[in-house]
Amino acid sequence: MSSSKFLDYEIALLLAKYGRGAVERALAYKVNMSVEELESTLKAIPVGSNARRARRKVPLLKLVEQFAKEHPQKAK
């Protein structure tokens, strides 16, 4: 399981157990912000943005060509 997926589950559990207000207050305290500052910071984050870059897929032929150049004895 990826660490981001694990974090999603942990946050969901915290929200279910303590509620949104308590989680926001605790997080705001930990990052030295007011709840209002935290809320405005969270609102500024675009919905659905993914922090990770999408990996460009390399065509299989390019991979084979690269492998052949690096390992000419195995290229045959």
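How many salt bridges does the count come to in this chain, taking a salt bridge as a side-chain nitrogen of Lys or Arg within 4 Å of a carboxyl oxygen of Asp or Glu? By this rule the count comes to one salt bridge, and the tour below reaches it after a view of the whole chain.

The model is predicted, so local features are taken only where pLDDT is at least 70 and side-chain atom pairs only at pLDDT 80 or more, while totals for chains, interfaces and linings use all residues. Residues are numbered from 1 along each chain as its sequence is written, and side-chain values use heavy atoms, with hydrogens and water left out.

**The whole chain**

Begin with the full chain in cartoon view, where there are five helices and zero strands, helices being DSSP runs of H or I of at least four residues and strands runs of E of at least two, numbered from the N terminus. Read along the sequence, the pattern is α-α-α-α-α. Next, colour by pLDDT, the predictor's confidence in each residue on a scale from 0 to 100: the chain averages 84, and 87% of the residues score at least 70. Confidence is highest in α2, at a mean of 93, and lowest in helix α5 (residues 72–75), at 76. Where pLDDT is low, the predicted coordinates should not be read in detail.

Switch to a surface, with accessible areas from the Shrake-Rupley method and a 1.4 Å probe, for which, in the case of residues, only the protein chains shown count as cover. The chain exposes about 7500 Å², and carbon and sulfur atoms supply 59% of that area. Of the 76 residues in the chain, 5% are buried, where buried means under 20% relative accessible area, exposed means over 50%, and partly exposed lies in between (1.4 Å probe, protein chains only).

**Helix α2 and its salt bridge**

Select glutamate 24 and arginine 20, which both lie in helix α2 (residues 20–30), four residues apart, about one turn of the helix. Their side chains meet in a salt bridge at 2.7 Å, N to O. Side chains of opposite charge can pair when their charged atoms come close. The two partners sit in contrasting surroundings, since glutamate 24 counts as buried at 13% relative accessibility, whereas arginine 20 counts as exposed at 60%.

Now select Val23, Glu24 and Ala28, the buried residues of α2. Seen down the axis of α2, these residues fall within an arc of 130°, so they line one face of the helix; the arc is that of the directions from the helix axis to the C-beta atoms. Turn to the face directed away from this buried side, and the exposed residues Arg25, Tyr29 and Lys30 come into view.

What do the buried residues of α2 pack against? They pack against α1 (3–18) and α3 (35–44), contact meaning heavy atoms within 4.5 Å. For glutamate 24 itself, select Val35, Leu38 and Glu39, which it touches when residues up to four places away in sequence are not counted.

**The loop between α2 and α3**

Move to asparagine 32, in the loop between α2 and α3, where phi is near 55°, a positive value in a residue other than glycine. Most residues other than glycine have a negative phi. At 72% relative accessibility, asparagine 32 counts as exposed.

Serine 34 lies in the loop between α2 and α3 and is partly exposed, with a relative accessible area of 29%. Drawing a line from serine 34 to glutamate 24 gives 9.5 Å, C-alpha to C-alpha, for residues ten apart in sequence.

**A nonpolar patch**

Finish with Val58, Leu60, Leu63 and Val64, which make a nonpolar surface patch of about 370 Å². Patches are made of residues with over 30% relative accessible area and no salt bridge, with like charges joined within 9 Å and nonpolar side chains (Val, Leu, Ile, Met, Phe, Trp, Tyr) within 5 Å. Valine 64 lies in helix α4 (residues 60–70) and is partly exposed, with a relative accessible area of 45%.
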